[in-house]
Amino acid sequence: MAEDLTIAKGSKEQQYQSLIPQVKGLLTGETDLVANMANVAAALKEQFQWFWVGFYVVKNGELVLAPFQGPVACTRIQEGRGVCGTAWLRAETLIVADVAKFPGHIACNSLSKSEIVVPVKRNGQVVAVLDVDSEAYHFFDDTDKKYLEEIVAFINF
Ligand code: SME
């Protein structure tokens, strides 16, 4: 497909519904993981203008920073540490309304106020996480969970 994105207006649901087929189009026929993570992060950033969106991949027993959009970030996160490491350990999506209240939250950037972390699973194992940060409190909800889980399932890890 052409490498340009049509940006939808409307409800969050409508925005995801416009974005998802476009993301599928971007990933179809491309097998390179870094290229695909890069385009997913870019497409999400372009549509939603989130403060930070990107991936950490599991490498040698820790999460290592992978393609993202936003300010520079922490490069390595241990299992069970912060929101990302906890989502990895529990193998479940975490929605954090106020990161200051999350025990062990890793403040890569003090402007980040709320966060959602979606684990990417392959064969029952977490192989990466998708992390999204907002400058607003209470920013993410079950709609984000539903569609972000759908999006990461397209990526061929
Ligand atoms: N806040 C995250 C760390 C990653 S950055 O926000 C990009 C955490 O607590 O895991």
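Let's start with a group of side chains: Tyr16, Phe48, Trp50, Phe139, Phe140 and Tyr147 are joined into a cluster by pairs of rings. Keep in mind as you look around that this is a predicted model. We'll come back to the cluster once the overall layout is clear.

So what is the protein built from? There are four helices and six strands. Walk along the chain from the N terminus and you meet them in the order α-α-β-β-β-α-β-β-β-α. The radius of gyration comes out at 15 Å, close to the 15 Å that the globule rule gives for 157 residues, so the protein is as compact as a globular protein of that length. If you'd rather picture a box, the C-alpha atoms fill one of roughly 40 × 35 × 25 Å along the principal axes.

How do the parts of the chain meet inside that box? Take the contacts with a separation of 6 or more: 52% of them are between residues 24 or more positions apart. As for what is tucked away, buried residues make up 45% of the 157 residues. Now turn to the outside, where the protein exposes about 7800 Å², with carbon and sulfur atoms supplying 49% of that area. There are charges to look at too, 14 positive and 19 negative, and the mean positions of the two kinds are 4 Å apart.

Back to the rings. A search of the whole structure turns up seven aromatic pairs. To describe a pair of aromatic rings, you give the distance of the centres and the angle of the planes. Try Tyr16 and Phe48: their ring centres are 4.6 Å apart and their planes sit at 45°, and because an angle that is neither under 30 degrees nor over 60 counts as tilted, this pair is tilted. Where do these two residues come from? Tyr16 is in helix 1 (residues 12-27) and Phe48 is in helix 2 (residues 33-48), so the pair ties together parts that are 32 residues apart in sequence. Both Tyr16 and Phe48 are buried.

Phe139 and Phe140 make another pair to look at. Their ring centres are 5.4 Å apart with the planes at 80°, so this pair is edge-to-face. Are the two residues buried or exposed? Phe139 has 36% relative accessibility and so counts as partly exposed, whereas Phe140, at 8%, counts as buried. The cut-off behind that split is 20%, because buried means under that value.

Both of these pairs involve residues of the cluster we began with, which also takes in Trp50 and Tyr147.

Conventions:
Residues numbered from 1 in each chain as written. Predicted model: local features only at pLDDT ≥ 70, side-chain atom pairs only at ≥ 80, totals over all residues. Heavy atoms only, no water. Helix = DSSP H or I, 4+ residues; strand = E, 2+ residues; numbered from the N terminus. Rg over C-alpha atoms; globule rule 2.2 N^0.38 Å. Buried < 20%, exposed > 50% of the residue type's maximum accessible area, 1.4 Å probe, protein only. Contact = heavy atoms within 4.5 Å. Areas by Shrake-Rupley, 256 points an atom, 1.4 Å probe, with all protein chains shown as cover. Lys, Arg positive; Asp, Glu negative; His and termini not counted. Charge placed at Lys NZ, Arg CZ, Asp CG, Glu CD. Phe/Tyr/Trp six-rings, centres within 6.5 Å; stacked < 30°, edge-to-face > 60°.
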